[in-house]
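Please open the model in your viewer and set a cartoon representation with side chains available on demand. The stops below can be selected one after another.

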Amino acid sequence: MRILGIDYGDSRIGVAISDPMGWTAQGLEMIKIKDSLKKAVFRLSEIIKEYDVTDIVIGYPINMNGTKGPRTERTEEFIKKISDLGQFNIIKWDERLTTVSAHRTMNELGIKASKKKGIVDTMSAVLILQGYLDRMAGNKKS
């Protein structure tokens, strides 16, 4: 049983998966959605089945001042679409500054700008999922 991390964007979905123990997040893939959101949702359903996903942590776009905007509404619509894919919990995770952190990490790793576009969404999904896993591990220690 694993936990799936999702960074939902306008043209791409970054996907990460936890290890079987739920300790670490690994980047899985980036799904392009410009062509068809329906195909992207179908691909997510395949991943959910393949990895026996029990929980989905999705980046939830809240403005820096704590308000919700158009991006939040689009994410809510996406959550409705994936909630029909199976029996799992969907956790909304505050994703403020996740993309900034992903770019910073890639800069520190020396990843060239030309390659960043292809992996920034997956890296963001990893950061979203790892943040959730770290929080859950901290709660178990208390």
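Begin by selecting helix α2 together with its surroundings in this predicted model: the buried residues of α2 pack against β1 (2-8), β2 (12-18), α1 (37-50), β4 (53-60) and β5 (89-94).

Next, show the side chains of Thr 72, Thr 75, Phe 78, Ile 79 and Ile 82, which are the buried residues of α2. These residues lie on the same side of α2, because the arc they cover around the axis is only 115 degrees. An α-helix has 3.6 residues a turn, so residues three or four places apart point the same way.

Now turn to the other side of α2, where Pro 70, Glu 73 and Lys 80 are exposed, each with over 50% relative accessible area.

With α2 still selected, place a distance between its end C-alpha atoms: they are 20 Å apart, which agrees with the 20 Å that the 14 residues of the helix (residues 70-83) should span at 1.5 Å a residue.

Finally, zoom out to the whole protein and colour it by secondary structure, where four helices and five strands should appear, following the pattern β-β-β-α-β-α-β-α-α when read along the sequence. If you switch to a surface, its accessible area comes to about 8300 Å², of which 52% belongs to carbon and sulfur atoms, while 42% of the 142 residues count as buried. A contact map completes the view: among contacts between residues at least 6 apart in sequence, 62% join residues at least 24 apart.

How values were computed
Residues numbered from 1 in each chain as written. Predicted model: local features only at pLDDT ≥ 70, side-chain atom pairs only at ≥ 80, totals over all residues. Heavy atoms only, no water. Helix = DSSP H or I, 4+ residues; strand = E, 2+ residues; numbered from the N terminus. Buried < 20%, exposed > 50% of the residue type's maximum accessible area, 1.4 Å probe, protein only. Contact = heavy atoms within 4.5 Å. Areas by Shrake-Rupley, 256 points an atom, 1.4 Å probe, with all protein chains shown as cover. Expected span 1.5 Å × (residues − 1). Arc of directions from axis to C-beta.
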